[in-house]
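Hi there,

I'm passing a structure on to you, and I hope you enjoy exploring it. Please open it next to this email, and then read on for what turned up.

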Amino acid sequence: MKPLPLKEAPPGGHASSTDEGADTDAGVGAGEGAFADAGHWTPALSRSVMLRHDRVRGTDLLLMPERVVVLRGGAGAILRLCDGRREVAAIVAELAERFPGASVATEVPEFLGRMREEGWIR
């Protein structure tokens, strides 16, 4: 079985993926559009996606069939809260407590919207 290629995120980037040359940036705060139903949505990882911590690299990864996404910054902390029971508003509130002064109210819904567009969360 051929090992999956990993591509490190550029400085300031939060996630990148590789699958035969396709790159996707899914960083916190990335994305321009507003996410309309953000407050009432209960995000969860898609069925084919697993969140794992890579001890060797000291980073979180999203593992999918034939694709690996390297997460940076607070992306892993956000995705760990996406259990299908918490609404986005509850996730934002919990992260605001953990990280006072961070702009989670705008960045987290945008990040989750981008992750949903990619099909990595539902």
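**What we found**

The chain exposes about 7,000 Å², and carbon and sulfur atoms supply 52% of that area. Please keep in mind that this is a predicted model.

Let's begin with the overall layout. You will find three helices and four strands in the chain. If you read along the sequence, they follow the pattern β-β-β-β-α-α-α. The chain has 122 residues, and buried ones make up 40% of them. Now look at the contacts between residues at least 6 apart in sequence: 60% of these join residues at least 24 apart.

Next, the inside. Which residues touch the most other members of the largest nonpolar core? They are L62, L79, V108 and L112, in a core of 24 residues. Several elements each supply at least two residues of this core: the strands β3 (59–64) and β4 (67–71), and the helices α1 (75–80), α2 (88–98) and α3 (104–118). The largest share comes from α3, which gives five residues.

L62 is a good residue to click on. Leaving aside residues up to four places away in sequence, L62 touches a long list of others, including L45, V49, M50 and L51. Also among the residues touched by L62 are R67, V68, V69 and L71, as well as L79, M115 and W120.

From there, move to β3 and β4. These two strands pair in the antiparallel sense, over four bridges. One pair to find on screen is L61 with its bridge partner V70 in β4. Together the two strands form a hairpin, with two residues between them.

Is β4 mostly covered or mostly open? It is mostly covered, as five of its five residues are buried. Both faces of β4 are covered: on one side sit R67, V69 and L71, on the other V68 and V70, and all are buried.

The turn of this hairpin has a detail that you might like. E66 lies in the loop between β3 and β4. E66 has a positive phi of about 60°, although it is not a glycine. Is E66 buried or exposed? With a relative accessible area of 66%, E66 counts as exposed, because exposed means over 50%. So in this hairpin you can compare E66, which is exposed, with the residues of β4, which are buried.

Have fun looking around, and write back with any questions!

Best wishes

Notes: Residues numbered from 1 in each chain as written. Predicted model: local features only at pLDDT ≥ 70, side-chain atom pairs only at ≥ 80, totals over all residues. Heavy atoms only, no water. Core = buried A, V, L, I, M, F, W, Y, C linked by side-chain atoms within 4.5 Å. Buried < 20%, exposed > 50% of the residue type's maximum accessible area, 1.4 Å probe, protein only. Contact = heavy atoms within 4.5 Å. Areas by Shrake-Rupley, 256 points an atom, 1.4 Å probe, with all protein chains shown as cover. Pairing = 2+ DSSP bridges.
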